[in-house]
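Hi there,

Here is the structure I promised to pass on. Please have a look, and then read on for my notes.

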Amino acid sequence: MASKLGEMLVKAQLITDVQLEDVMKIQRREGGKLGSIVVRQGYCSDQDIVSFLGMQYGVPAADLEQWPPIDAGVIALIPKDLAQRHKVLPLQRTGNVLTLAMSDPTDIFAMDDVRFHTGYNVDPVVSSEMGLVRAVEKYYGGASGVRLADSQGGRATMGGGPAGAGPIDTTAAKPFNELDEQFDLQELEQELDADAEFEATDDDEESINVGALKKGSEDAPVVKLVNMVLIDAIKRGASDIHIEPYEKNYRIRFRIDGILMEVMRPNLKLKDPLTSRVKILAKLNIAEKRLPQDGRIKLRVNMGGRQKVIDYRVSILPTLFGEKIVLRLLDSDKLMLDLTKLGFEQESLDRWDRQISKPYGMVLVTGPTGSGKTNTLYSSIAKLNTVDTNILTAEDPVEFNFPGINQVQMKEQIGLNFAAALRSFLRQDPNIILVGEIRDFETAEIAIKASLTGHLVLSTLHTNDAPSTINRLMNMGVEPFLVATSVNIICAQRLVRRLCASCKAVDTHHQPEEALREVGFTPEEIQRGITFYKPVGCDICNKRGYKGRVGLYEVLEMSETLKDMILTGASAIELREQGQKEGMITLRRSGCRKVLDGVTTIEEIIRETVL
């Protein structure tokens, strides 16, 4: 291109061959663009170069010295740092098209960056590099560009995002539940600058520069907002981030200790830029807005001088008013692999340990999404993970990596589902097989056959309690005699919030005996007297009164009597009654024990369990 421009200038007799040779030598020695060097050497004017650049690139030419004054609203569409970095200047906006002066109209990266930050299509015109530098300095002056929060912490000025997006009004941010705590963007910005540096990373350790995460935060408010939401979710101990568009508002919620709390309401016009940013991080298709998409963001975070890797499992769902985004945080530091600390009652834990130590059979964990099933399974296989054991897992997705365990990620689009993986596992000489979920008859049949041929199989199902799991398997089409002979033990579980140990207080409110019996406390417990505790709220628990969660467990161990009942077609109610006779602790009774121990409250166990 440079030689073509030089040849065109020589042909137009604006410079001589000797001058071109001189310019080429300078370019080889110092670098830079040929047109700028020609002007700097005084061989021809800026206007001549602009005209020839227009001819060279086949786009209109714009002499910025003669251009009418540019509207301040148009200049505000692009931050100063972005304009300086790419040597571009917004000239005017017509509908959804932004006219952009560029020194190199073939710079696709610059146009993509501007398109992402503004939300507009770009119509390039060519200008000289020196003219652009002077114009950027003229219109942006010494301003530091865009900032997210002013000195009052009340507003966030937007230089990126669609025109008219305006400020993010943090004064309208909703408080946590009944709390007074606000989602303070300015405070978050200071925290981020002080102790959190992070970058996206691939599993193969190739870094994606999401800083973009810090560097880009200087010129991209949407980027900065996404970064701070991701970091703040970690700091607050959230398990999920919900980004939800509605007809007239846009909100972000965190799930903390199992409860969703609204943390802020960004301007509705940030919807598309924010969604695009998340899609870019998760390597999803930005253009596809009609179909659900799933991806993953892996960040390496430096917080307080300590480096850690956080995975965000991304799910994008098209809704009536836009795409809803849910990010599940997978923090390996929070993964508890000690079965004794999960919340099992000692009797239930003894039964569980006894059955997972058997060489074959099926071990099932049941419960709704977010009830801690994966944690229980991981804790179990971590205990069984020895050098003389071959453990294979089929997961969708693989949430945490474990050394010594062979983990396989399911890929439905190429036919790698649970059933296909299980068939392959049986040819891999396994001792223990973990199947992420039994979803259909085919998977259930292969898993049961594996458990009957000398393998220990661990898996999950979505059922309400342990006894109903038996009926669920038979409803899938599994024969009763196969269920009776293969299943060793079933564990149903729930998670309830744990009272904050620093601020919980004795609840002096009198509870009627009849109400306590209806909850599930025994007459003996009521007679002895029960000390109830209530949440208070302190700085440690963010004024919520709860900090962390604890599991409720219902463990049904298969006895000969229960196996006979399955063969004769007993109902879930009959199986439950027999299980209780044999010492099974129900989910509600497990909750009552946690209340007696001062771990949680009656309200929590009523919210998660039935009598």
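**Strand β8 and its partners**

In β13, the residue that H242 takes as its bridge partner is V326. That pair belongs to an antiparallel pairing in which 4 bridges join β8 to strand β13 (residues 322-331). On to the other partner: β8 also runs antiparallel to strand β9 (residues 250-256), with 7 bridges joining them. Here I243 has I252 in β9 as its bridge partner. β8 and β9 make up a hairpin, and 4 residues lie between the two strands.

Why can β8 be called largely enclosed by the rest of the structure? Strand β8 covers residues 238-245, and 8 of its 8 residues are buried, so the rest of the structure largely encloses it.

**How far to trust it**

Before going further, please keep in mind that this is a predicted model. The chain has a mean pLDDT of 81, with 85% of its residues at 70 or more. Among the elements, strand β14 (residues 361-366) has the highest mean pLDDT, 96, while the lowest, 34, belongs to strand β4 (residues 155-156). The pLDDT is below 50 over residues 142-196, a stretch that nevertheless has 131 contacts in the model beyond near neighbours in sequence. Residues 204-219 also have pLDDT below 50, and that stretch has 38 contacts beyond near neighbours in sequence.

**The chain as a whole**

What does the secondary structure of the chain come to? There are 23 helices and 22 strands. The chain has 611 residues, and buried ones make up 52% of them. Taking the contacts between residues at least 6 apart in sequence, 64% join residues at least 24 apart.

**A three-stranded sheet with helices on it**

One part you may enjoy browsing is an open sheet of 3 strands, in the order β1-β2-β3 and with mixed pairing. Its edge strands, β1 (88-94) and β3 (121-126), each pair on one side only. Direction ignored, neighbouring strands of this sheet are turned against each other by 30° on average. Strand β2 (residues 97-102) runs parallel to β3, and 6 bridges join the two. Within this pairing, A101 stands opposite V125 in β3.

Which strands does helix α7 touch as it packs on the sheet? Helix α7 (residues 108-118) touches β1, β2 and β3, and its direction makes about 145° with that of β2. Helix α8 (residues 129-140) packs on the sheet as well, touching β1 and β2. The direction of α8 makes about 70° with that of β1.

**Two helices that cross**

Finally, have a look at helix α10 (residues 221-236) and helix α11 (residues 271-281). Their axes come within 9 Å and cross at roughly 65°, and the crossing of α10 and α11 is right-handed. On the α10 side the contact involves V222, V223, L225, V226 and L230; these meet P273, L274, R277, V278 and L281 in α11. Of the residues in this contact, 9 are nonpolar, none is polar and 1 is charged.

Happy browsing, and do write back with any thoughts.

Best wishes

Notes
Residues are numbered from 1 along each chain as its sequence is written. This is a predicted model: local features need pLDDT of at least 70, side-chain atom pairs count only at pLDDT 80 or more; totals for chains, interfaces and linings use all residues. Side-chain values use heavy atoms; hydrogens and water are left out. pLDDT is the predictor's confidence in each residue, from 0 to 100. Contact means heavy atoms within 4.5 Å. Axes are lines fitted to C-alpha atoms, for helices over the stretch in contact, and angles run from 0 to 180 degrees between N-to-C directions. A crossing is left-handed if the near helix is turned anticlockwise from the far one by less than a right angle, and right-handed if clockwise. Ala, Val, Leu, Ile, Met, Phe, Trp, Tyr, Cys and Pro count as nonpolar, Asp, Glu, Lys and Arg as charged, and the others, Gly among them, as polar. Two strands pair if DSSP finds at least two bridges between them. Buried means under 20% relative accessible area, exposed over 50%, partly exposed in between (1.4 Å probe, protein chains only).
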